[in-house]
Protein chains: 2
Amino acid sequence: MQSASVIQDTVLPWPSLPRTYDPRQAPHHPRDIPSALAPRVANKCIMRAFKRDQQIFAEGVVAEFSAQVVTGAVRMSTLLGDGRRQIDAFHLAGDFFGIESGREHRFSADAIVNTTIRIYRSSGLDWIPADGQFGGKAVFAALVQSLESAQDHALLLGKKCAREKVSTFILNLAERLATGNTIELPMSRMDIADYLGLTIETVSRSLTQLQRDGIIDLPCRRGAIVLKNRPALRRAANGNQGF
Amino acid sequence: MQSASVIQDTVLPWPSLPRTYDPRQAPHHPRDIPSALAPRVANKCIMRAFKRDQQIFAEGVVAEFSAQVVTGAVRMSTLLGDGRRQIDAFHLAGDFFGIESGREHRFSADAIVNTTIRIYRSSGLDWIPADGQFGGKAVFAALVQSLESAQDHALLLGKKCAREKVSTFILNLAERLATGNTIELPMSRMDIADYLGLTIETVSRSLTQLQRDGIIDLPCRRGAIVLKNRPALRRAANGNQGF
DNA sequence: CGATGGTTTGAGTGTTTTCAAAGAACGTGG
DNA sequence: CCACGTTCTTTGAAAACACTCAAACCATCG
């Protein structure tokens, strides 16, 4: 992902209107939630910081901005009518998000941890004919990456069992974070469950089982996982139970 | 989807090398299967007919072509190592498919029924700077549609139960085929099951249950479904059991 | 008309979910 | 710095749902 070629970078302080998002709270209509992306800058990009669990934009709001994670992590999610939540993707440092085809955002975006993002004006079809350092191919590439990721996600959700799902998830995160064998999970069990189509209990049980098998280690410190046996984890992710 | 603006349309006869795809056959490596897309035409598009179950291109082969369904239906699928098959999407008349970002196709494409497709030279990033009637925005739009469809699919696979999955599927197909209340399923129960992340038995049971509830009707003629109560079907697709 | 292959139905099993409670880490205030 | 309450996580037991195996059914095709 290209991260250079920025016209203007300004780090804004933590905004004052957090309004955190709680999934277990009574579900409200996305349109009721004001987008936190207030500043409108033409042809420039700004940096902005979001606190843990702060909403970046809501499902259903007009897509006027897209963004790139600089530090931290962002979760894209959507709600079904009865309150069930599906997490579509986690975006880590370097990832673009919020590129839409339609008028409105199809997912809510929330900062999972304290996060800084680079915000770009507008997002979508009007980017294609754009020339210059950030139009065209970069957007197309980001979009294609989203597509491939969504397709892989569908494969995981449709055809894999709990152990395979969790293994695949850990492996993928380890590769993207690239911090050696110890990975710091930015997200909670609830987030992982909603991403993998499982319950928090099943996620927890799968992790415990992987630990019992000596494939990973779960230190006391919450939100950390140590990879003990990467080949075995890779096999677990693809369905080979034993070897 | 735009279907106009075609430089040259030539209908080729049924090709002579069918080599049909059987999912229950011993899984072979995709790369071993020759792509049926032999003809190479520069900047033109040709029409070509494929028989029921004939492969259009294989997962893993170099993506030199993309295509648009003219009549019939195409299924995009991928195989896991142990033979499990996931169907990513069904493409109906008008849909584009085979647009890839990387060098190789990520999915196999097969004609579900006798199908004619329009084949375009190349597919992917090199299409973006293209000007003219078929470059740029049309490809971008097709890609975006694939993305949204993949995201919806992930939501379905991750958060919905069997009855909801099957209801959603029927509803979606009815809207896309737009043939009133009677829809002719081009695909088998096996295909539906692999698309919805279920088994054929569960698909069958869900259909029977929807019929018993008076929401749909399953005529004797195989592969047909009659929608009796669309609002109820819509509710069933979104989780409301009773009303 | 009989053979074939896809579909439906049935019974039993297994994995995941649900419900419930205990356990452990983190933040706050004393 | 420790104690406490809160929240997240883990564990357990029972139930639900979808799966597996198996057989019957019935369109379609030769």
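I take two strands as paired if DSSP finds at least two bridges between them. The model I consulted for these entries is a predicted one.

**Entry 1: strand 12 of chain B**

I began with strand 11 (residues 216-217) of chain B and looked up its link to strand 12 of chain B. Two bridges join these antiparallel strands, and that number meets the requirement of at least two. I noted that B:I216 has B:L227 of strand 12 as its bridge partner. The two strands make up a hairpin, with six residues between them. In the turn I found B:G223, whose phi is positive, at about 85 degrees.

I then asked which strand pairs with strand 12 of chain B over three bridges. It is strand 10 (residues 182-184) of chain B, and the pairing is antiparallel. Here B:I183 has B:I225 of strand 12 as its bridge partner.

Next I recorded where the side chains of strand 12 (residues 224-227) point. B:A224 and B:V226 face one way, while B:I225 and B:L227 face the other way. Are these residues buried or exposed? I found all of them buried. Thus B:I225, the partner of B:I183, and B:L227, the partner of B:I216, point to one side of the strand.

**Entry 2: an open sheet in chain B**

I followed four strands of chain B that form an open sheet in the order 3-8-5-6, with antiparallel pairing. Why is one side of strand 3 and of strand 6 left without a neighbour in the sheet? Strand 3 (55-57) and strand 6 (85-92) stand at the edges and each has a single partner strand, so one side of each lacks a neighbour. I noted an average turn of 30 degrees between neighbouring strands of this sheet, direction ignored.

Within the sheet I examined strand 5 (residues 73-79) and strand 6 of chain B, which pair over seven bridges in the antiparallel sense. B:M76 stands opposite B:A89, a residue of strand 6. I also found helix 3 (residues 189-196) of chain B lying across strand 5 and strand 6. This helix runs at about 110 degrees to strand 6 of chain B.

**Entry 3: B:T116**

I located B:T116 in strand 9 (residues 115-121) of chain B. Its relative accessible area is 17%, and since buried means under 20%, B:T116 counts as buried. Which side chain makes a polar contact with the side chain of B:T116? It is that of B:T71, at 2.6 Å. Leaving aside neighbours within four places in sequence, I listed the contacts of B:T116 as B:R48, B:A49, B:Q68, B:V69, B:V70 and B:T71.

**Entry 4: the surroundings of DNA strand D**

I counted 19 residues around DNA strand D; those that come nearest are A:R189, A:S204, A:T208, B:A162 and B:T202. Of the atoms of DNA strand D that come within 4 Å of the protein, 71% belong to sugar and phosphate.

I then looked up individual phosphate oxygens of this strand. One is 2.7 Å from a polar side-chain atom of A:R189. A polar backbone atom of B:A162 lies 2.6 Å from a phosphate oxygen. For B:T199, an N or O atom in the side chain is 3.3 Å from a phosphate oxygen.

Helix 4 (200-212) of chain A and helix 4 (200-212) of chain B each supply at least two residues of the surface near DNA strand D. Helix 4 of chain A gives the most, with four residues. By class I recorded nine charged, six polar and four nonpolar residues on this surface.

**Entry 5: the surroundings of DNA strand C**

Around DNA strand C I found 17 residues, of which A:A162, A:T202, B:R189, B:S204 and B:T208 come nearest. Sugar and phosphate make up 67% of the atoms of DNA strand C that come within 4 Å of the protein.

I noted a polar side-chain atom of B:T208 at 2.7 Å from a phosphate oxygen of DNA strand C. A polar backbone atom of A:R222 is 3.5 Å from a phosphate oxygen of this strand. What does a polar side-chain atom of B:R222 lie 3.4 Å from? I found a sugar or linking oxygen of DNA strand C at that distance.

The elements that give two or more residues to this surface are helix 4 of chain A and helix 4 of chain B. Helix 4 of chain B gives the most, with four residues. I recorded the classes as seven charged, six polar and four nonpolar residues.

Methods: Residues are numbered from 1 along each chain as its sequence is written. Chains are lettered from A and ligands numbered from 1 in the order in which they are written. This is a predicted model: local features need pLDDT of at least 70, side-chain atom pairs count only at pLDDT 80 or more; totals for chains, interfaces and linings use all residues. Side-chain values use heavy atoms; hydrogens and water are left out. Buried means under 20% relative accessible area, exposed over 50%, partly exposed in between (1.4 Å probe, protein chains only). A residue is near a molecule or strand if one of its heavy atoms lies within 4 Å of it. A polar contact is a pair of N or O atoms within 3.5 Å; within protein, one must be able to donate a hydrogen and the other to accept it, and residues adjacent in sequence count only if both atoms are side-chain atoms. Ala, Val, Leu, Ile, Met, Phe, Trp, Tyr, Cys and Pro count as nonpolar, Asp, Glu, Lys and Arg as charged, and the others, Gly among them, as polar. Axes are lines fitted to C-alpha atoms, for helices over the stretch in contact, and angles run from 0 to 180 degrees between N-to-C directions. Contact means heavy atoms within 4.5 Å.
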